[in-house]
Amino acid sequence: MGKAKKAEKVIYFCDGKKCCKYNKEIKDCLKDLVKDNGLKEKVAFEKMKCQGMCKQAPVLCIHKNECVGKVSTKDAKKLFEKHIA
Ligand code: FES
């Protein structure tokens, strides 16, 4: 956390009341993917406040402009391939 300035890419997890109950799995999944691909220096993880999309928890955004809800680990893998890898 807090490495966003140096990192080329930032993945934001909604850490609001609702999402934080559901996002552990996708968080772990993405962290593992980043690590396994040797991208730890390039990708930062940040938390963000409730995005007002609680019905779609868990919510995550890549660079704040690509926000998605109802993210499963499968979706997380796809997002990683599309935006990060
Ligand atoms: S808690 Fe994540 S959108 Fe509200």
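## Starting with helix α3

Let us begin at helix α3, where Lys74, Lys78, Glu81 and Lys82 are exposed on one side of the helix. Its buried residues are Ala76, Leu79, Phe80, His83 and Ile84. Looking down the axis of α3, these buried residues fall within an arc of 105 degrees, so they line one face of the helix. A reminder helps here: an α-helix has 3.6 residues a turn, so residues three or four places apart point the same way.

What covers that buried face? The cover includes β1, α2, β2, β3 and β4. Please keep in mind as you read on that this is a predicted model.

## The chain as a whole

Stepping back, the chain holds three helices and four strands. Read from the N terminus on, their order is β-α-α-β-β-β-α. The C-alpha atoms fill a box of roughly 35 × 25 × 20 Å along the principal axes.

How does the radius of gyration fit with a compact globule? For 85 residues such a globule would have a radius of gyration near 12 Å, and the chain agrees, with 12 Å. Of the 85 residues, 40% count as buried. Contacts also reach across the sequence: among those between residues at least 6 apart, 66% join residues at least 24 apart.

## Helix α2 and its two sides

Now turn to α2, a helix of 13 residues. From its first C-alpha to its last, α2 reaches 18 Å, close to the 18 Å expected at 1.5 Å a residue. Just after this helix comes Gly38, whose phi is positive, near 65 degrees.

Which residues of α2 are buried? They are Ile26, Lys27, Cys29, Leu30, Leu33 and Val34. Seen down the axis of α2, the buried residues fall within an arc of 165 degrees, so they line one face of this helix too. Lys24, Glu25, Lys35 and Asp36 are exposed on the other side of α2. The buried residues of α2 are covered by parts that include β1, β2, β3 and α3.

## Two nonpolar cores

In soluble globular proteins, nonpolar side chains tend to be buried together. Here, the largest nonpolar core has 17 residues. Those with the most contacts inside this core are Ile11, Phe13, Leu30, Leu60, Phe80 and Ile84. At least two residues of the core come from each of β1, α2, β2, β3 and α3, and α2 gives the most, with five residues.

Leu30 is a good place to look in the 3D view. Setting aside neighbours within four places in sequence, Leu30 is in contact with Ile11, Phe13, Phe45, Leu60, Ala76 and Phe80. A second, separate core has ten residues, among them Val10, Tyr12, Cys14 and Met48.

## Three salt bridges

How many salt bridges does a search of the whole structure find? It finds three. One of them joins the side chains of Asp15 and Lys47, at 3.8 Å from N to O. This pair links distant parts of the chain, with Asp15 in the loop between β1 and α1 and Lys47 in strand β2, 32 residues apart. Both partners are partly exposed: Asp15 has a relative accessible area of 30%, and Lys47 has 49%.

Another salt bridge brings together the side chains of Lys24 and Asp28, at 2.6 Å from N to O. These two residues are four places apart in helix α2, which means that about one helical turn separates them. Lys24 counts as exposed, at 54% relative accessibility, while Asp28 is partly exposed, at 34%.

The remaining salt bridge takes us back to α3: the side chains of Lys82 and Glu66 meet at 3.9 Å, N to O. Lys82 lies in helix α3 and Glu66 in strand β4, so the pair ties together parts that are 16 residues apart in sequence. Lys82 counts as exposed, at 61% relative accessibility, whereas Glu66 counts as partly exposed, at 27%.

Note on methods: Residues are numbered from 1 along each chain as its sequence is written. This is a predicted model: local features need pLDDT of at least 70, side-chain atom pairs count only at pLDDT 80 or more; totals for chains, interfaces and linings use all residues. Side-chain values use heavy atoms; hydrogens and water are left out. A salt bridge is a side-chain nitrogen of Lys or Arg within 4 Å of a carboxyl oxygen of Asp or Glu. Buried means under 20% relative accessible area, exposed over 50%, partly exposed in between (1.4 Å probe, protein chains only). The expected span of a helix is 1.5 Å times one less than its number of residues. The arc is that of the directions from the helix axis to the C-beta atoms. Contact means heavy atoms within 4.5 Å. A nonpolar core is a set of buried Ala, Val, Leu, Ile, Met, Phe, Trp, Tyr and Cys residues joined through side-chain atoms within 4.5 Å. The radius of gyration is taken over C-alpha atoms; the globule rule is 2.2 Å times the number of residues to the power 0.38.
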